[in-house]
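The following exercises are to be worked through with the sequence and the three-dimensional structure at hand. Each task is followed by a solution in steps.

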Amino acid sequence: MIQTLMKLPNYSVAVVLCILSTLWLSTTSNPIIENFLKCLPDQSHSNHSISEAIYTRQNATFESVLLAYVRNCRYHTPTTPKPLAVVTAKHESHVQATVICAKRHGLQIRIRSGGHDYEGLSYVSHVPFVVLDMFHLRAIHVDVADESAWIESGATVGELYYEIAKKSKVHGFSAAAGPTVGVGGHFGGGGYGVMMRKYGLTVDNIEDAKLVNLNGTILDRKSMGEDLFWAIRGGGGASFGVILSWKIKLLPVPAKVTVFNIGRTLEQGATDVLYRWQHVAPKLPKEIFIRAMPQVLNTSLGNKAVEVSFIGFFLGQRDELLTLINGSLPELGLQKTDCIEMSWVESTVFWADYPVGTSIDVLLERPEGPTDNFKGKSDFVKEPIPKRDIESILKELLKIENMWMQWNPYGGRMSEISESETPFPHRSGNLFMIQYQISWEEEEIGATNKHLSLSRKFYEMMTPFVSKRPREAFQNYRDLDIGANLDNQTIFKIARLYGSKYFEGNFGRLVRVKTEVDPQNFFKHEQSIPPLSQDYLV
């Protein structure tokens with residue numbers, strides 16, 4: 001066997017060894033997982049049994065539990081590495097026990113909140129690992145008198161919106177449009193929402209947090225210190241510990257807000273409107289957010305066409321919005337009939353792409369498992385894109401099936417906050433952020449490679465129009481193409497590649513915090529913050 005392996009290329013040897021390791025680790029006699037499982041009850045609270053929270057490969061429901069919070073079919077294939085166990089923590093002591101026992105017995109942990117990591121890093125690893133699943137820890141306590149709320153990491157933003165609305169009609173929060181996104185990772189990565197021009201990001205409105213550290217100790221803001229508290233608000237909590245809960249500041253909203261969604265095809269002047277949008281949208285009053293979303297749609301004639309949807313939100317009423325938009329962006333042709341007044345919580349349902357009038361109960365729904373394969377990327381734009389180039393971009397988009405972009409305007413509060421206030425550095429100087437996403441249903445590897453190639457080629461085509469040195473990226477739209485530490489290695493030069501794009505000048509401070517709180521790099525993944533290497537100075 002060894003002689004056969006020596007004749008194989010290095011990559012093939014690695015694949016074979018990975019398969020052999022997986023086979024060995026899947027056996028019931030594996031001492032690593034046995035010792036880990038024996039350790040858990042000893043380290044968890046006696047009044048909160050951990051036994052019912054543990055799923056191993058021998059459990060009949062193991063696959064369904066693992067699949068429930070997988071959001072990307074690319075990471076649910078026959079060759080995708082699976083964890084030795086999933087610990088669905090039901091009490092904070094279960095989190096503490098998982099950290100202590102995984103560290104003691106040489107297992108890596110992957111921490112999953114809502115499962116929306118674009119590259120599956122919250123539930124996939126190529127070394128022996130367990131998934132610490134937080135979905136049972138979803139309690140939300142809203143204190144209107146204090147204008148604050150505590151949210152456990154396993155809650156979704158939809159559940160948060162719903163609970164806020166139960167207590168107040170004049171408070172909200174600025175977070176994701178997708179209601180199934182888990183707050184654990186979303187908040188820690190610098191999540192944004194349609195009120196970001198008024199109130200900034202999630203991390204700009206976090207007042208406290210509870211975290212389980214390397215030693216299994218629960219820390220709050222006071223006990224963790226301001227450096228670590230700074231790091232987890234935009235630097236990604238999974239590099240520093242396990243976030244148990246966040247305390248947020250509730251944000252004032254009017255009793256009625258206004259929304260709209262207008263589509264324009266190329267024939268209807270989409271190029272002209274989009275060109276003007278990039279000049280106007282970042283300069284509008286803070287209360288207005290207008291997303292531009294170019295996408296390819298099927299026409300009634302069976303053809304494909306590019307349409308740009310202009311999706312708007314206003315912290316105010318219809319008549320005032322009409323005056324502001326038609327005075328600044330008349331090319332959009334906004335009409336009174338386009339504008340719909342509703343409560344803030346109803347607007348979160350609208351932004352989740354449900355029909356107007358849909359019950360807010362949909363905010364409590366949790367979809368089971370993935371629906372398609374996708375690849376996401378991101379960019380930041382600092383100078384207006386010339387009109388002829390916008391036209392070329394839209395025509396190039398037409399050549400690709402099932403791809404869309406979201407152009408999200410900056411300005412307002414986003415330009416007022418210092419780039420070093422939190423690890424999220426993309427502030428003043430940006431006109432808008434772009435998210436790219438391509439999706440496909442075919443499961444064959446050929447289809448995956450084809451669509452990944454299309455995504456990368458389109459991204460390369462956008463190079464002249466986006467930020468440079470570095471080409472910035474948004475951590476919550478995870479993209480391993482920009483740099484990744486593979487094969488369980490942590491090479492500082494590689495970490496600096498993706499770190500500079502996600503965090504720019506804040507990467508150095510993140511490394512110093514990591515070195516202080518996790519010098520042995522227990523909390524790690526392919527794009528985690530590394531501890532300071534002796535070979536490189538930050």
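**Exercise 1. Helix α6 and its surroundings**

Task: State which elements cover the buried residues of α6, and determine how many of the residues of this helix are buried.

Solution. The model under study is a predicted one.

Step 1. The cover over the buried residues of α6 includes the strands β5 (140-143), β6 (148-152), β7 (171-172) and β10 (242-249), together with the helices α7 (183-188) and α13 (344-351).

Step 2. Helix α6 spans residues 157-167, and eight of its 11 residues are buried. They are Val157, Gly158, Glu159, Leu160, Tyr161, Tyr162, Ile164 and Ala165.

Step 3. Because eight of the 11 residues are buried, α6 is largely enclosed by the rest of the structure.

**Exercise 2. The nonpolar cores**

Task: Identify which residues have the most contacts inside the largest nonpolar core, and list what one of them touches.

Solution.

Step 1. The largest nonpolar core comprises 124 residues, and Phe187 and Ile232 have the most contacts inside it.

Step 2. Leaving aside neighbours within four places in sequence, Phe187 is in contact with Ile151, Val157, Leu160, Phe173, Ala175, Thr202, Val203, Ile206, Trp246 and Ile248.

Step 3. There is also a second, separate core of 28 residues, which includes Ile50, Ile54, Ala85 and Leu137.

**Exercise 3. Salt bridges around glutamate 119**

Task: Determine which parts of the chain are tied together by the salt bridges of glutamate 119 with arginine 74 and with lysine 375.

Solution.

Step 1. The structure holds 28 salt bridges. In one of them, the side chains of arginine 74 and glutamate 119 meet at 3.0 Å, N to O.

Step 2. Arginine 74 lies in the loop between α4 (62-68) and β2 (85-88), whereas glutamate 119 lies in the loop between β3 (108-112) and β4 (129-133); the pair therefore ties together parts 45 residues apart in sequence.

Step 3. Glutamate 119 also forms a salt bridge with lysine 375, where the closest N and O atoms are 2.5 Å apart. Since lysine 375 belongs to strand β16 (residues 373-381) and glutamate 119 to the loop between β3 and β4, this pair ties together parts that are 256 residues apart in sequence.

Step 4. Buried means under 20% relative accessible area. Lysine 375, at 2%, is therefore buried, and glutamate 119, at 3%, is buried as well. Arginine 74 is likewise buried.

**Exercise 4. From helix α6 to a later loop, and a network**

Task: Determine where the partners of the salt bridge between arginine 366 and glutamate 159 lie, and name the residues that shared partners join into one network.

Solution.

Step 1. The side chains of arginine 366 and glutamate 159 meet in a salt bridge of 2.8 Å, N to O.

Step 2. Arginine 366 is in the loop between α13 and β16 and glutamate 159 is in helix α6, so the pair ties together parts 207 residues apart in sequence. Both arginine 366 and glutamate 159 are buried.

Step 3. Salt bridges with shared partners join Arg74, Glu119, Lys375, Lys377, Arg456, Asp479 and Asp481 into one network.

**Exercise 5. Threonine 258**

Task: Decide whether threonine 258 is buried or exposed, and find which backbone atom lies 3.2 Å from a polar atom of its side chain.

Solution.

Step 1. Threonine 258 is located in strand β12 (residues 257-265). Its relative accessibility is 0%, so threonine 258 counts as buried.

Step 2. The backbone nitrogen of arginine 318 lies 3.2 Å from a polar atom of the threonine 258 side chain.

Terms used
Residues numbered from 1 in each chain as written. Predicted model: local features only at pLDDT ≥ 70, side-chain atom pairs only at ≥ 80, totals over all residues. Heavy atoms only, no water. Helix = DSSP H or I, 4+ residues; strand = E, 2+ residues; numbered from the N terminus. Buried < 20%, exposed > 50% of the residue type's maximum accessible area, 1.4 Å probe, protein only. Polar contact = N/O pair within 3.5 Å; in protein donor to acceptor, adjacent residues only side chain to side chain. Contact = heavy atoms within 4.5 Å. Core = buried A, V, L, I, M, F, W, Y, C linked by side-chain atoms within 4.5 Å. Salt bridge = Lys/Arg side-chain N within 4 Å of Asp/Glu carboxyl O.
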